[in-house]
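Biologist: Pick one part of this model and take me through it slowly, please. I'm new to this, so spell out the terms as you go.

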Amino acid sequence: MSNVLSRTETLNLLALSVTCLAVLANTFQGDGEPLIASLAFSGIAFSFTYSLIRWLGPSFIHAGLKGRDMSKARKPEIPETMGAVCAVVYLLTCIIFIPFPFYQDIVAATSGGGNRDVTIERQPLANGRTLHRFPHSKLASYLSALLSLQSVVILGIADDLFDIRWRHKLFIPAFAAIPILVVYFVDYGVTNVVVPVQLEIYFGTMIDLGWIYYVYMASVAIFCPNSINILAGINGIEVTQSLVIAVLLLLNDVLSLYAAPASPHPHPATDPHLFSIYFLLPFIGVSMALWWHNWYPAKVFVGDTYCYFAGMVFAIVGILGHFSKTLLLTFIPQITNFLYSAPQLFRVIPCPRHRLPRYNSKTGLLEPSMTEWQEPPSRILTGVFKMLADLPIPLVAIKEDEQGRIVQSTNLTLLNLWLVWFGPQKEDRLAVGIVGAQIVVGIMGLLVRHKLALLVFREDNRG
């Protein structure tokens, strides 16, 4: 990969940046237009990320942040940990964006002095403006989200540099989520869940989960980053699945805002969904730049930093946007991959260091990778594995010795399972298949959320 932008790339990125800057300047003519400003910042973030990835590639290799692409015949050495560049640009973008969601509160509605905490009901001032209370809760949500993201990015960079063991890093995202959980407790504090109509006769209309709900939200913060990190190993899969999830969540926000009834006062769900959009748009911008360089054949690796960063973005918008259950509907492939991988992750069966598909240098195709059984499995495990291998749609492939004992079985990941079902494939075709399944399942999840929810619940809370 050349570290110099071509003339065409330079002109295109420059044109995009100038256009976005012009759009930003125009937003100051009205009330700030934070949505338009967020979209413009996303374009600028794309340009900066794209350029920095190209410029910093050789520096990363020189610093030892590099890896070999094991799914290629020549196994080229390319820069790694480029997700850190993506995350840093994203954080800087979100920090610079802070004044825009509050432009109307800072400039148009308040005096701009030290009396933002003073409420004066409908009392015109000498300059013709009316004071109101500054929305500190909204600002606290925004800043807590940035603090959680910064914490998890530090974790990701540490993992890329020091290769932290799974048992040590598994619960760290929960600690990174403490700022957003505290803000949720102080600002929102709702721990009630709506009971489906069919179960109301047993539990009533609402159940207060109390502290259990905070455990659930911490679990979401743990699961989202780690689940993307688990479903990885081929060119482009981490970034593409993250982009699909981000677009699906953005679509959910748009549908929820569109469904809000017209009223002089905004619907309670409006601000949380706008909060979500403000974080998703720049994420899509920086991820598109990274995808451009990471899709097959990859010119850079994203590293664990990107997986943690992307997962925490989704956890934040799900928790503070008050749609964590809808969030999980877009993570169905990741949930499936986790459940399928659980026997290896929890060491019930042997788990090698890397479980990515095996590259066949003779055919140029990826095949399911196998794990070696140093000792024959127990009779129960042998029976279970043979049953799973003999299903009409097999869930595992095994190899046996002359005595019928299992000596090898496929690694339990969705990537390997896909190759068991459809046979050896080229790397890009495998990625397209997995991402295609993510799109189909995600759209079905949103249809269930927005069209079938009223069959189970009495009303739609747009969360």
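Modeller: Let's start with H8, which gives the most to the nonpolar patch, with 4 residues. Helices here are DSSP runs of H or I with at least four residues, strands are E runs of at least two, and both are numbered from the N terminus. Keep in mind that this is a predicted model, where local features need pLDDT of at least 70 and side-chain atom pairs 80 or more, while totals for chains, interfaces and linings use all residues. Residues are numbered from 1 along each chain as its sequence is written, and side-chain values use heavy atoms, leaving out hydrogens and water.

So who's in the patch? Phe171, Ile172, Phe175, Ile178, Val182, Phe185 and Val186 form it on the surface, sharing about 730 Å² of accessible area (Shrake-Rupley, 1.4 Å probe, only the protein chains shown counting as cover). Two elements each give two or more of these residues: helix H7 (172-176) and helix H8 (178-188). To join a patch, a residue needs over 30% relative accessible area and no salt bridge (a Lys or Arg side-chain nitrogen within 4 Å of an Asp or Glu carboxyl oxygen); nonpolar side chains (Val, Leu, Ile, Met, Phe, Trp, Tyr) are joined within 5 Å, like charges within 9 Å.

Now zoom in on Phe171. Phenylalanine 171 sits in the loop between helix H6 (166-169) and H7. Because its relative accessibility is 48%, phenylalanine 171 counts as partly exposed (buried is under 20%, exposed over 50%, partly exposed in between).

One quick stop elsewhere: three strands make an open sheet in the order S7-S9-S8, with antiparallel pairing (a pair needs at least two DSSP bridges).

Key:
Buried < 20%, exposed > 50% of the residue type's maximum accessible area, 1.4 Å probe, protein only.
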